[in-house]
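Reader: Could you walk me through this model, please?

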Amino acid sequence: FTMAETASLGFATFVQCNKHKAIQEFSNHLEDYPSDYDSLLYRGISHGIVEDVRSAISDFSEAASCGSQCQKMVADAHRLLYEGKTEGAITTIHQATQRFPIDPIVWHFYGSFRRSSNICDDVTIAAFEKAIELKFPQAALSHYYIGEIMDRTKNDHKAAVKHMEEAVKLNPTFAAAYFQLGNALTKLSSVEEASHYFKKAHELNKSLIQANTSSQQLDRVFAAAAAAAAGGNKGGGDGSDGDGSDGDGSDGD
C-alpha cells in the first residue's frame, strides 16, 4: 500500500464512527510514516473521543512538531482543547483563520471548536461553509456539522437533509450522517425514507445505532424499510421500481 492508501483506511473507519478501529488503522499507518501530520491529528481526535485524553494530547504535540506553521497552530489548538483550555483553543484557531485565511482546515476546526463549546450560531455555520468553499478534504464532516446545527438548533430540517445528503454523497460510509439524515427526515414526516437511512447506518455501524436507538425503535425502522421496499416492488410503469433494490440512490456517487 502507498502512504495515501494506508492513511485512507484510518479516515474511512473514522467517519464510520468506529474510533477504536480508526486508532488502530492510524497506528498501523504511523509505524511506516511516523511524521504524517494528518494521521497524527486524527488519531489524536479519535483518542479524545474515546476519552483517552493523555494519548490525544501526546498525538497533538507530535503533530505540532512535524507540521507547517498553520498545521502547528491547529494541533496546538487541539492540545489546548483537551487540556481543558477551551477559550485558548478557540482563540488560537481563530488567529489561524486570520493568518491563513485560504487554508480550509483552519475554518473547519474553528467551526468545530465553536460547536463543541455549544456555540451553534451563524458564525459557526459560516466557518464550516468557508471550509467547504475552500475544498476541505474532509468536507463531508463540515456538511455533517452544518446539518446537525440546522436540525437541532435552527429547526430547519430541510436544510439539515440537504447537508446530510451532501455528507453521505462525499463519503458513502459516513454512518452518523445516515443516522442524522434519518432523524431529519423523520421530523419532516418522511418516515419510510428515514427508515432506509437508519437501516443503512445500522449496516455500517451497529453499535452507533444501538447506542442511540431502542430495540423497539429498531424493530419499527426495519419494518418500515421492509414495507417501503415491498411497496416499491409492486410498482409498474412509474419509473420508480428501480429505487427499491438499493434504496437511497447514492451508492454510485
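Reader: Which helix gives the largest share of the lining of the largest pocket?
Author: Happy to help. This is a predicted model, where local features need pLDDT of at least 70 and side-chain atom pairs 80 or more, while totals for chains, interfaces and linings use all residues. Residues are numbered from 1 along each chain, and side-chain values use heavy atoms, without hydrogens and water. A pocket is an open set of 1 Å grid points, for a 1.4 Å probe, with protein on both sides within 12 Å along at least five of seven lines, and lining residues have an atom within 4 Å of a point. Six lining residues come from one helix (a DSSP run of H or I, at least four residues), namely α7.

Reader: Which residues are the closest to the centre of that pocket?
Author: The largest pocket holds about 660 Å³ of space. Among its 27 lining residues, the closest to the centre are K19, I45, I49, R115 and Y145.

Reader: How do α5 and α7 run relative to each other?
Author: Helices α5 (residues 69-82) and α7 (residues 104-116) pack with axes 10 Å apart, at an angle of about 10 degrees. Angles under 35 degrees count as roughly parallel. Therefore α5 and α7 are roughly parallel.

Reader: Which residues of α7 does α5 meet?
Author: Contact means heavy atoms within 4.5 Å. From α5, the residues are C70, V74, A77, H78 and L81. Their partners in α7 are I105, V106, F109, F113 and S116.

Reader: Where is confidence lowest among the helices?
Author: pLDDT is the predictor's confidence in each residue, from 0 to 100. Its mean over the protein chain is 84. Helix α8 (residues 122-133) is highest at 98, and the lowest mean, 54, belongs to α14 (residues 215-233).

Key:
Axes fitted to C-alpha atoms, helices over the stretch in contact; angles between N-to-C directions. Helix = DSSP H or I, 4+ residues; strand = E, 2+ residues; numbered from the N terminus. Parallel < 35°, antiparallel > 145°, perpendicular 65-115°, else oblique. Points joined across faces, edges and corners; volume = space filled by probe spheres on them.
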